[in-house]
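Here's a quick tour of a protein model, written as a briefing. Keep the picture open beside you as you read.

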Amino acid sequence: MRPKDRISYFYDGDVGSVYFGPNHPMKPHRLCMTHHLVLSYELHRKMEIYRPHKAYPVELAQFHSPDYVEFLHRITPDTQHLFLNELPKYNLGEDCPVFENLFEFCQIYAGGTIDAARRLNNQLCDIAINWAGGLHHAKKCEASGFCYINDLVLGILELLKYHARVLYIDIDVHHGDGVEEAFYFTDRVMTVSFHKFGDMFFPGTGDVKEIGGKEGKFYAINVPLKDGIDDTSFTRLSRLSFRRSSKRTNLVLSYSNAGRFTCWGPLGCFNLSIDDILSVLGLSRNSICPYWLLVVEDTQKKMLLDVGQSKQEFS
């Protein structure tokens, strides 16, 4: 990190109080654990901390269909029996359950990413962090893979109001299908995704042959990986991909999503260390673009802070 970087950090304690249900991998309470680490390491002294606004339905509808946004607004655990036909239509169920304060949860994490993008747009910071964001599977008209509102797409749309092009980098173990799909036919957003592919691994997309279409041809870069990839191989692939993507376009801002189980865990399968994840995140910013928006999905936040602080990557 550069000595004079201005860092904006977004956090709302209410986002950690939601409960997806027993045995569900998504554990938003880790957001609170992460924030306590930020305070314990005194990282808050080196950042400006903001409570994000709750994104308005009209803001969510900049990408999502109005009927889907309205449905999320209306549905609750007590009323879901009244919407038995709509639940499968919008893909709510076991992976994407209905829980208390679902819509407020979506408003908070989406608002954080939108606010982060706005601060970058107005040159009020060099790095913006939203721990609660990164829900990259949500589609225009339906939920998917624990994701209801795609805050990443909303953030990119905000950035495009000021910037000609945006680079989106996704190193979650799962393919960033929702973001790629949203910008598949435009050359204003380049999506780069490193993910496991094959063996019917969710979501089943992200083949190296998926390169974008129409004006967006060659602006979707997929790096499909097999189980067990190690630090050396991952870093080499990252350097090559970042170098080629930076040559392809004149990019002004990078947007990184480091998601859950990239290193290990019940849904992960890579042999990567936290050191390497931090190195790749730093590389994605320092070698490509001067401004950086970082969103980190659920389970990896605490690990990144534990190791990152010890190596002064985030100090």
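Let's start with Asp199, which counts as exposed because its relative accessibility is 64%. Keep in mind that this is a predicted model. Asp199 sits in the loop between β5 and β6, and we'll come back to that loop several times.

**The loop between β5 and β6**

- Asp199 has a positive phi of about 55°, even though it is not a glycine.
- Lys214 is also found in the loop between β5 and β6, and its phi is positive too, at about 50°, again without being a glycine.
- Lys214 counts as exposed, with 69% relative accessibility.
- Why do these angles catch the eye? Most residues other than glycine have a negative phi, and most peptide bonds are trans.
- Pro203 belongs to the loop between β5 and β6 as well, and a cis peptide bond joins Phe202 to Pro203, with omega at about 0°.

**Lys196 and its partners**

- Is Lys196 buried or exposed? Lys196 is buried, since its relative accessible area of 6% falls under the 20% limit.
- One salt bridge of Lys196 goes to Asp199, where the closest N and O atoms are 3.3 Å apart.
- Lys196 makes another salt bridge with Asp227, and here the closest N and O atoms are 2.7 Å apart.
- Lys196 is in strand β5 (residues 189-196) and Asp227 is in the loop between β6 (220-225) and α8 (231-248), so this pair ties together parts that are 31 residues apart in sequence.
- Asp227 itself is partly exposed, at 48% relative accessible area.
- Lys196 also lies over the face of Phe201, 5.4 Å from the ring centre.

**More charges at work**

- How many salt bridges are there by this rule? The count comes to 14.
- One of them joins Lys54 and Glu104, with the closest N and O atoms 2.5 Å apart.
- That pair links distant parts of the chain: Lys54 is in the loop between β2 (48-50) and α2, Glu104 is in helix α5, and they are 50 residues apart.
- Both ends are partly exposed: Lys54 has a relative accessible area of 34%, and Glu104 has 23% relative accessibility.
- Glu59, Arg118, Glu158 and Lys161 are joined into one network by salt bridges that share partners.
- Lys214 turns up again here, with its charged end over the ring of Phe185, 5.3 Å from the ring's centre.

**Helix α3 and the core**

- In helix α3 (residues 66-74), the buried residues include Tyr68, Val69, Phe71 and Leu72.
- These four cover an arc of only 160° around the axis, so they end up on the same side of α3.
- A helix rule helps here: an α-helix has 3.6 residues a turn, so residues three or four places apart point the same way.
- The cover over the buried residues of α3 includes α2 (57-60), α4 (86-89) and α5 (102-121).
- The largest nonpolar core has 86 residues, and Leu92, Tyr109, Tyr148 and Ile149 have the most contacts inside it.
- Helix α5 gives this core its largest share, 11 residues.
- As background, nonpolar side chains tend to be buried together in soluble globular proteins.

**Aromatic rings**

- A search of the whole structure turns up 13 aromatic pairs.
- Which residues form one aromatic cluster? They are Phe20, Phe99, Phe105, Tyr109 and Tyr148.
- Tyr109 and Tyr148 may ring a bell, as they are among the residues with the most contacts inside the largest nonpolar core.

Terms used: Residues are numbered from 1 along each chain as its sequence is written. This is a predicted model: local features need pLDDT of at least 70, side-chain atom pairs count only at pLDDT 80 or more; totals for chains, interfaces and linings use all residues. Side-chain values use heavy atoms; hydrogens and water are left out. Rings of Phe, Tyr and Trp (its six-membered ring) pair if their centres lie within 6.5 Å; planes under 30 degrees apart count as stacked, over 60 as edge-to-face and the rest as tilted. A charge sits over a ring if NZ of Lys or CZ of Arg is within 6 Å of the ring centre and within 35 degrees of the ring normal. Buried means under 20% relative accessible area, exposed over 50%, partly exposed in between (1.4 Å probe, protein chains only). Helices (H or I, at least four residues) and strands (E, at least two) are DSSP runs, numbered from the N terminus. The arc is that of the directions from the helix axis to the C-beta atoms. Contact means heavy atoms within 4.5 Å. A nonpolar core is a set of buried Ala, Val, Leu, Ile, Met, Phe, Trp, Tyr and Cys residues joined through side-chain atoms within 4.5 Å. A salt bridge is a side-chain nitrogen of Lys or Arg within 4 Å of a carboxyl oxygen of Asp or Glu.
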